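Trainee: Could you take me through one part of this model closely, and then follow what surrounds that part?

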Amino acid sequence: MSKQHTSVRSYGVLLDEGRVALVRSSNPRHDPPLWWLPGGGIDFGEAPEDTLVREFFEETGLVVDRPELLGVTSDVRRRDNGDRIHTVRILFTVQLAGGELSHEVHGTTDHAAWFELAALDSVNIADYALGAIHSAVAK
């Protein structure tokens, strides 16, 4: 019997010198590899902004600050096991405050990288992430 689940997550768009920071899904079924915004699930009692700062550091090694609400998106999709998941994404813009780019180990992502905004058409980016990047650039 399949299940239904709702997941509320925070993600950030970090623009710096014509580049955007993205993380790659560690799921080997994504071919070509799928990239999305750094961020993740909100822990019980945690503020979305705190989640964003914590997850950004965990996935990229970068310290970000000054989260500013960009928007909220949601979608419903079916997992490989038949379960349906409703994902609500709270999207922020953030500023680079420090850190060194590094990769998460044993997580839902396995690589962090800077991408030139002009080259994003050649990258497999999650739809919600691409929309958020375009909105952040237009701000």
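Mentor: In this predicted model, Thr87 is found in strand β6, which runs over residues 84-99. Thr87 is buried, with a relative accessible area of 2%, and, leaving aside residues up to four places away in sequence, Thr87 touches Ser7, Arg9, Thr73, Ser74, Asp75 and Arg77.

Strand β6 is also among the elements against which the buried residues of helix α2 pack, together with β1, β2, β3 and β5. Those buried residues of α2 are Tyr128, Ala129, Ala132, Ile133 and Ala136; they cover an arc of only 135° around the axis, which puts them on the same side of α2, while Asp127, His134 and Ala138 are exposed on the other side. The 12 residues of α2 (127-138) should span 16 Å at 1.5 Å a residue, and the end C-alpha atoms are 17 Å apart, which agrees.

Tyr128 deserves a further look, as part of the two aromatic pairs counted here. The ring centres of Tyr11 and Tyr128 are 5.1 Å apart with the planes at 55°, so this pair is tilted, and because Tyr11 lies in strand β1 and Tyr128 in helix α2, the pair ties together parts that are 117 residues apart in sequence. Tyr11 counts as buried at 6% relative accessibility, and Tyr128 is likewise buried, with a relative accessible area of 12%. Finally, the charged end of Arg89 sits over the ring of Tyr128, 4.3 Å from the ring centre.

Technical notes. Residues numbered from 1 in each chain as written. Predicted model: local features only at pLDDT ≥ 70, side-chain atom pairs only at ≥ 80, totals over all residues. Heavy atoms only, no water. Helix = DSSP H or I, 4+ residues; strand = E, 2+ residues; numbered from the N terminus. Buried < 20%, exposed > 50% of the residue type's maximum accessible area, 1.4 Å probe, protein only. Contact = heavy atoms within 4.5 Å. Expected span 1.5 Å × (residues − 1). Arc of directions from axis to C-beta. Phe/Tyr/Trp six-rings, centres within 6.5 Å; stacked < 30°, edge-to-face > 60°. Lys NZ or Arg CZ within 6 Å of the ring centre and 35° of its normal.
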